[in-house]
Each structure stands twice: as C-alpha cells, then as structure tokens.
Amino acid sequence: MSNQHPLASSHDDERLTCLPYGVGYDNEGVCLLLRMGPHRILLDCGLADISSLKTGVSPPADLVLCSHAHADHARGLLALHQAFPQLPIYASEVTTQLLPLNWPQIPPQDIPRFCQALPWRTPIEFCDSLSAELFPAGHLPGAAALLLTYTTSRRIYRLLYTGDFFRSNLRLVEGLSVESLRSIQPDVLILEGSYGTSRHPHRRQQEKQLMARIEQAIIEKNSVVLPVPTLGLGQEILMLLRSHHHFTGRDLDIWVEGSIATGCDAYLEVLPHLPASVQNFARHQPLFWDERVRPRVRRLDESQQSSLGLPPCIVLTDKKADLSRYWHPDAINPVVLQPERPGYPLRIDQRAVRSVETYLLAEHSDCLGTTQLIHNLRPQHVVFVHGAPAYLADLTGLEELQNRYHLHSPAAGTLVELTIGETFIQPAPPPETNYEGELTESGALIKITLPESIATDPRWQTFADTGLVEARWQGEELVLRGLSQKELITQSSNAKVPSNIDCCGNCLYQRGQRCWNRASPLYGFKVTPEGYCPAFEPVEPTRET
C-alpha cells in the first residue's frame with residue numbers, strides 16, 4: 001500500500017482531515033476522503049460519476065472501506081475498481097455478496113469479486129500505524145460502522161464512521177449496539193443525519209400504522225402498490241406482511257417485481273448471517289416465495305401486469321417503475337404508498353394513479369437515537385453527512401451538542417480540518433435519570449408513586465404543567481408523557497369540529513398537529529383544526545355508489 005500522498009510532508013503526521021466528494025443529499029451519494037497522517041482512506045463511493053476521483057494516474061486513496069451495499073454508498077465502486085484495479089476495497093462479508101445488485105445491467109457472472117471481506121469486531125492492520133475494525137450498524141444486513149485507528153509516536157487517533165445506522169431492531173437485521181462502541185472513545189465521529197431533529201414513534205408503532213392502512217385499502221377493494229428500493233425496505237415489508245396478524249392466512253396475492261425480487265433472492269443467499277429469529281422462520285416456511293401459505297408471495301412478470309387488480313392485491317415494485325403499465329381495465333386505481341423521505345420532494349409518476357400517500361417506516365435513527373449515540377461516545381469532533389442541508393443544520397444548531405463538541409456539516413468539496421486538542425476535556429456522560437417508584441392497584445385505579453427527587457429536574461415543570469399525563473406502551477415498557485395546556489386546548493378544539501366539515505381536524509394527513517401531505521402547501525407545518533387547503537382528504541372518504 002502506498003502510504004505517502006504526493007503533497008504530504010513530515011509535518012503532516014498528526015494531521016486529520018475529511019474531504020467530501022459527496023455528502024449524500026438527494027442523488028449525490030456519499031463519498032468521503034479521509035486523511036490520517038500520511039494515510040488516505042476513501043469511505044464509501046456512492047457517486048454516479050467518479051470523474052472527480054480520476055484526477056491523475058494514481059488512485060485517489062490507499063484503500064477504500066464500504067459501509068454497506070445501498071446504491072448511494074456503493075454504486076461507484078465498480079467503476080473505481082475498473083479505473084484503479086490495484087486499489088484495495090473492503091467491506092463486511094454480507095456487503096460483498098450484496099454489492100452486485102448495484103449493477104443490474106451487467107450479468108452477475110461478469111462482475112468481478114473486487115471487494116475483500118473483513119470480519120466483525122476484529123482489528124485488521126493495513127500497515128504498522130493504521131488499522132480498521134467493523135461493527136454491525138443495523139439499517140441493512142451487512143451494514144458496518146467503521147473504526148479507524150492511526151498510531152503515531154505521540155498518541156493514538158481514533159475515528160468512527162457510522163455509515164447509515166439504526167439503533168432499533170428491524171425484521172431482518174439487528175440494530176446498532178451502543179454497548180459495543182461505548183469503550184472505543186473516538187476522537188472523531190462521522191455520522192449520518194438523515195432525519196435531522198425529527199422524533200419518531202417506536203418502530204413497531206410505525207409498522208402497525210402501515211399494516212392498518214394496507215388492510216383498510218384491501219377491505220375497500222383497492223389494490224396497494226409499494227414502490228421501494230432494491231434492498232432493505234421491500235424485504236422488511238414482505239416479512240412484515242407474511243407475519244402480521246392482519247394478513248396471516250388471508251386469501252391474498254403479494255406480487256414482487258424486478259429488482260425487488262432479485263434483492264429477495266440475494267437475502268436468501270445470506271440467510272446464515274440474518275438474525276436467529278429469521279433463520280428459525282425459514283426452517284418452517286419459505287422466507288419469501290410461497291404459493292402454498294397465505295398470503296401467497298409470487299414473482300410478477302410482464303404477462304401478469306395487465307391483469308392485476310381483480311381481485312385486489314399488493315404489489316412491491318421498483319421505486320422508479322412506470323405504474324402506467326399495471327392493472328386490469330376494470331380494476332379500481334390502486335393506492336400507492338410511498339415511504340417518507342424527510343427533506344426530499346415526493347417523486348412519482350402519477351399518470352396511472354389517483355391516490356398517492358406516504359408512510360413512515362424509519363430505516364435510520366431519529367434525533368434521540370443520534371444524540372444518544374454522540375453522548376455515549378463523546379468525541380471531540382462530530383461530522384454530519386447524509387441528509388437534507390436544512391436537516392443537518394438543525395442538528396448542528398442543537399445547543400446540547402454545541403456546548404460539548406466541535407460540529408461540522410460540510411458541503412461536497414469542502415475540506416474539514418479535524419484538529420485534535422491534547423487538553424480537550426471529554427464531556428461528562430449524561431447523569432443517570434432513573435427513579436425507583438411503586439405501583440399500587442386499588443379497585444378501578446392504578447397509582448404510580450415516584451420519589452420527590454424527580455421534581456428537582458428542570459424538565460419536571462413542563463411535564464407536570466397540567467397535572468395530566470398520557471400513558472402508552474413501547475414494547476414491554478410503559479411510557480408516561482405530560483400533557484401541556486396547549487395540547488388540551490387543541491384537543492378541545494378538535495372535539496368541536498363537526499365531522500362533516502372539510503378542515504385540517506378531519507384530514508387524513510393531519511397527525512400530531514402537523515400536515516403530512518406532500519401535495520399540500522402546509523406540508524410539515526403545524527396546523528389548526530379549523531384550517532383548510534385544497535389538498536384536503538377526509539379521514540374516512542365517502543364511497544361513490
């Protein structure tokens with residue numbers, strides 16, 4: 001491995017920098033050139049055009065580390081290998097197997113196995129002073145958080161790049177474990193900020209809402225189309241449909257088309273690497289393809305497209321598919337469900353559909369998961385990538401982060417100097433906030449008693465503002481939330497809105513006092529129950545007879 005950059009000097013041995021070629025906004029892809037002393041490491045290559053990396057006859061880096069197989073992190077790797085065959089490229093074992101799906105126009109046998117597999121949780125030395133270690137990052141099978149360690153005569157520098165990460169468990173991949181990372185104490189943390197400062201309901205609640213909406217459409221004799229990426233979300237939804245009580249045993253066809261079907265086949269090839277619960281499921285019935293157990297899961301080919309919709313069915317197709325090809329002439333136009341992508345415009349060909357809705361099935365950590373990871377690792381520098389610029393700006397504007405860390409959110413082409421201070425004081429870990437109480441059942445009432453020390457926390461005044469609380473289950477845990485005066489007033493206003501009035505209080509897209517209809521000029525804003533816009537749709541639309 002060539003360790004010395006042509007422009008480097010002996011004075012640069014302690015220098016750490018990050019130069020983004022792409023920060024992952026919209027179709028840009030993620031590609032970061034990291035410099036640790038004399039070493040140059042390329043983190044991901046999701047560029048559709050790699051011309052910016054081919055500025056000379058020498059490779060742009062000494063090695064490449066790929067976090068996972070999604071196109072916005074990996075689609076440029078094949079072109080990079082073709083341009084610089086001697087450049088070593090590394091990823092997890094599962095990622096090396098999923099990578100070929102990024103180049104569907106090339107027969108699989110013609111794609112060289114250019115990516116070398118690295119084991120989990122095992123430091124691999126590339127030279128005497130540089131090593132890397134992979135940790136499961138959640139989000140997608142094989143997705144890795146990459147820990148780079150650079151050793152000099154003066155000190156050891158550590159940098160952690162999360163790639164895309166998700167702390168919650170999904171159907172087909174376990175979430176990122178903070179416990180496995182807490183002891184590494186990185187100097188620099190490069191992580192995604194896809195959802196900015198948004199807060200989301202628990203993943204299981206999101207799944208429940210999506211399944212309820214699909215069931216409602218089927219009951220109303222509507223088919224459902226779900227345009228999804230090749231890997232990840234489509235396979236998660238298939239597993240959810242096959243195991244959810246709304247659909248288990250139901251006489252229903254689920255059709256899977258094109259690249260999504262190819263992605264399912266790829267998952268079957270990496271089955272030994274999937275969670276134990278998934279492997280156990282596969283011992284009793286097929287993971288995806290099954291025409292015997294209801295609901296039936298089948299591949300969709302061109303000969304079947306024109307007959308869809310009689311009876312209603314569910315179709316998973318490529319996110320760029322031309323939906324005008326589908327459906328029997330007598331079939332009702334389907335309900336198209338698009339995944340929410342915060343900060344991005346809704347893009348879909350509406351020539352053949354009338355009803356386009358969005359749903360949230362998060363694949364990335366929200367603000368709470370992101371900030372908790374940062375506080376647990378306590379780095380000197382935090383670099384945010386992969387998200388809408390406004391969302392990343394929201395994260396860098398958080399006071400709880402500004403007071404503790406050096407924050408960066410660079411645009412493509414902007415060099416970030418990561419100066420590590422010898423006297424930097426690591427922020428103290430967040431204080432423990434657990435309070436032991438008692439639960440008493442008394443007739444028709446249940447009382448929860450907590451110690452008075454909880455009221456010394458400044459957040460207590462907001463929590464106890466009205467003396468009323470809302471309780472909800474989150475998995476096996478019961479979560480309490482204080483109700484504010486504003487919420488009580490809003491609830492009272494909602495109750496006064498007649499159900500036959502076209503207004504925000506009765507709109508399908510009003511959730512949590514905000515508008516979630518991308519076709520509305522009020523999208524993302526808080527709305528009053530009495531408000532109205534031309535994109536109004538009733539919660540329970542009347543059926544034409």
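What follows is a walk through a predicted model, going from a sheet and its helices to a hairpin and then to one tryptophan.

Let's start with the open sheet. It has 7 strands, and if you read across it the order is β7-β8-β9-β10-β11-β18-β19, with mixed pairing. The edges are taken by β7 (124-127) and β19 (406-408). Each of these two has a single partner strand, so one side of each is left without a neighbour in the sheet. If you sight along the strands, you'll see a twist: neighbours are turned by 20 degrees against each other on average, ignoring direction.

Now zoom in on one pairing. Strand β10 (residues 156-161) and strand β11 (residues 188-192) run parallel, and 3 bridges join them. If you want a handle for finding the register, take Leu160, whose bridge partner in β11 is Leu189. Helix α9 (residues 367-377) packs on the sheet here, touching β10, β11 and β18 (381-385). The direction of helix α9 makes about 170 degrees with that of β11. There's another helix to look at as well: α10 (residues 389-396) lies across β18 and β19, and runs at about 160 degrees to β18.

Next, head to the hairpin. Strand β1 (residues 16-23) has 6 of its 8 residues buried, so the rest of the structure largely encloses this strand. Being buried here means a relative accessible area under 20%. What does β1 pair with? Strand β2 (residues 30-36) runs antiparallel to β1, joined by 7 bridges, and Val23 stands opposite Val30 in β2. The hairpin of β1 and β2 has 6 residues between the strands, and Gly24 takes a positive phi near 85 degrees there. Strand β1 also pairs with β20 (residues 416-417), again antiparallel, through 2 bridges. In that pairing, Thr17 has Glu417 of β20 as its bridge partner.

Last stop: Trp460, which sits in helix α12 (residues 460-463). Is Trp460 buried, exposed or partly exposed? Its relative accessible area is 26%, so Trp460 counts as partly exposed, a class that lies between the buried limit of 20% and the exposed limit of 50%. Leaving aside residues up to four places away in sequence, Trp460 touches Ile454 and Ala455. For a distance to check in your viewer, try Trp460 and Gly482: they are 22 residues apart along the chain, and their C-alpha atoms are separated by 9.1 Å.

Note on methods
Residues are numbered from 1 along each chain as its sequence is written. This is a predicted model: local features need pLDDT of at least 70, side-chain atom pairs count only at pLDDT 80 or more; totals for chains, interfaces and linings use all residues. Side-chain values use heavy atoms; hydrogens and water are left out. Two strands pair if DSSP finds at least two bridges between them. Helices (H or I, at least four residues) and strands (E, at least two) are DSSP runs, numbered from the N terminus. Axes are lines fitted to C-alpha atoms, for helices over the stretch in contact, and angles run from 0 to 180 degrees between N-to-C directions. Contact means heavy atoms within 4.5 Å. Buried means under 20% relative accessible area, exposed over 50%, partly exposed in between (1.4 Å probe, protein chains only).
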